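Grab a coffee and open the viewer. Below are a few short exercises, each with a solution worked out step by step.

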Amino acid sequence: MQYLAPPRRPACPDDAVASPGRRLCLQVGALSAAGALAGLTGCATGAAAPPGPRALPHTTGLELPWGMAFLPDGRLLVTERPGRLRLVEVDGRLVSAPVAGVPEVEYRGHGGLLDIVVDRFFERNRQVYLSYTAACAGDEPPLNCLMAARATLSADATALENLQPIFRQWPPVESGENLGGRLAVSRDGMLFITLGDRREPGERVHAQDLAYHQGKVVRIRTDGSVPGDNPFVHTPGALPEIWSYGHRNPQGAMLHPDSDELWTSEHGPFGGDEINITRHGRNYGWPVITYGCEYDGCAAIGEGPTKAGMEQPLTWWGQPSIAPSNLLLYTGGRFPQWRGSLFVATLAGLALWRIELGGSPAEPQVLRREPLFAELGQRLRDVQQSPDGGLYLLTDGAPASILRIEA
Ligand SMILES: [Ca+2]
């Protein structure tokens with residue numbers, strides 16, 4: 001069983017301090033300008049699981065999954081990047097036939113079928129939203145776009161019906177990396193879509209250019225129309241879907257359960273992964289400011305870590321990068337000790353980070369951070385809360401699994 005395999009060991013920084021109780025090492029970094037605790041890096045050193053909740057197999061046999069979403073009845077929809085949507089029964093059984101009617105995707109680089117979210121009024125409208133990359137222009141070189149579509153899940157949950165694209169990235173690009181691609185729906189019916197900078201050095205500057213969707217978070221209504229209160233609808237030359245800009249690869253997104261504000265997690269460069277409270281019209285700095293450096297040789301990027309008019313992250317991670325894939329604020333009753341904690345699933349970090357928050361939803365403070373389930377040694381693609389307050393992890397790769405956290 002792959003989830004019980006011995007852990008791989010990420011490199012520990014030389015100046016790491018061992019914490020025997022948790023068999024972890026922590027490197028304390030800087031305080032951010034906002035005063036939030038930042039720059040902590042954790043790495044697993046031991047094999048034994050610490051006491052506390054355990055991760056148990058729930059579903060096995062997935063291939064390159066990317067996103068998962070609970071239906072109100074406790075079943076799960078899971079995307080597989082090659083272009084399949086899978087249904088998981090409440091008991092964890094994977095329905096063998098994929099859900100029919102998914103959009104045609106371009107499965108290349110990091111692309112393919114990416115995220116899925118369920119409408120807040122799913123019980124009334126059976127509406128779901130998908131993100132994916134599609135061939136959208138040119139044969140040589142082939143160009144792709146990040147897309148979003150809405151569809152109705154059939155009454156027997158075997159097919160998507162009335163599939164309708166509602167967002168297409170502009171302009172089309174050749175790169176298949178740093179896609180972003182995460183979706184989140186707010187209580188007031190707005191769909192947020194994250195878009196990465198597409199990685200190429202010539203592309204990253206577009207994160208600061210409002211004529212490009214790259215390096216942005218966009219906000220549309222669930223029918224694809226642009227809300228009139230988006231920040232740049234009256235800015236000449238700006239794409240009206242843009243909500244926030246200056247992002248590198250924001251691959252995680254959630255609406256805060258109390259404030260309904262958008263929070264995102266972002267893959268930074270080497271040692272610059274971030275959590276941001278992602279607000280109307282704000283500039284999150286990339287590639288002008290960052291706490292990280294180039295992956296190749298750690299050359300400096302931009303102008304340093306801060307600049308007037310650019311937002312600071314709520315919290316960030318130093319070297320080595322944890323590579324955050326998605327985030328979730330836990331509100332369930334199954335794990336009372338974790339109520340109100342922010343969970344961040346990580347790929348390279350091989351752990352689920354738990355962040356204790358103080359302050360208010362509008363002005364939160366990071367009180368403490370700890371990596372959990374590092375003993376699994378698993379790259380994690382997603383973390384979600386079930387309707388009955390359970391906590392579930394989606395592993396990466398092929399074969400991949402859904403893990404159920406049990407007290
Ligand atoms: Ca930033």
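**Warm-up: the whole chain**

Among the contacts in this protein between residues at least 6 apart in sequence, 57% join residues at least 24 apart; two residues are in contact if their C-beta atoms, placed from the backbone, lie within 7 Å. Keep in mind that this is a predicted model: local features need pLDDT of at least 70, side-chain atom pairs count only at pLDDT 80 or more, and totals for chains, interfaces and linings use all residues. Residues are numbered from 1 along each chain as its sequence is written.

**Exercise 1.** Work out how many helices and strands the protein has, and what share of its residues count as buried.

*Solution.* Start with the elements: there are two helices and 26 strands. Helices (H or I, at least four residues) and strands (E, at least two) are DSSP runs, numbered from the N terminus. Next, burial: 45% of the 407 residues count as buried. A residue is buried if 20 or more other C-beta atoms lie within 10 Å of its own, exposed if 12 or fewer, and partly exposed in between, with C-beta atoms placed from the backbone.

**Exercise 2.** Find how strands E6 and E7 pair, and say why E7 is largely enclosed.

*Solution.* First, the pairing. Strand E6 (residues 76–80) and E7 run antiparallel, with five bridges between them; two strands pair if DSSP finds at least two bridges between them. For a landmark, look at Thr 79, which sits opposite Leu 85 in E7. Then the turn: E6 and E7 make a hairpin with three residues between them, and Gly 83 in that turn has a positive phi of about 120 degrees. Finally, burial: four of the five residues in strand E7 (residues 84–88) are buried, so the rest of the structure largely encloses this strand.

**Exercise 3.** Give the strand order of the open four-stranded sheet and pick out its edges.

*Solution.* The order is E12-E13-E14-E15, and the pairing is antiparallel. At the edges stand strand E12 (180–185) and strand E15 (242–245); each has a single partner strand, so one side of each has no neighbour in the sheet. On average, neighbouring strands here are turned by 20 degrees against each other, direction ignored. Axes are lines fitted to C-alpha atoms, for helices over the stretch in contact, and angles run from 0 to 180 degrees between N-to-C directions. Now zoom in on one pair: strand E14 (residues 216–221) and E15 share three bridges in the antiparallel sense, and Val 218 stands opposite Ile 242 in E15.

**Exercise 4.** Check the backbone at Leu 64, Asp 260 and Pro 287.

*Solution.* Begin with the background: most residues other than glycine have a negative phi, and most peptide bonds are trans. Leu 64, not a glycine, has a positive phi of about 50 degrees. Leu 64 lies in the loop between E4 and strand E5 (65–70), and its 18 C-beta neighbours inside 10 Å make it partly exposed. Asp 260 also has a positive phi, near 60 degrees. Asp 260 is in the loop between strand E16 (249–255) and strand E17 (262–267), and is exposed, with 12 other C-beta atoms within 10 Å. Last, the bond from Trp 286 to Pro 287 is cis, with omega near -5 degrees.
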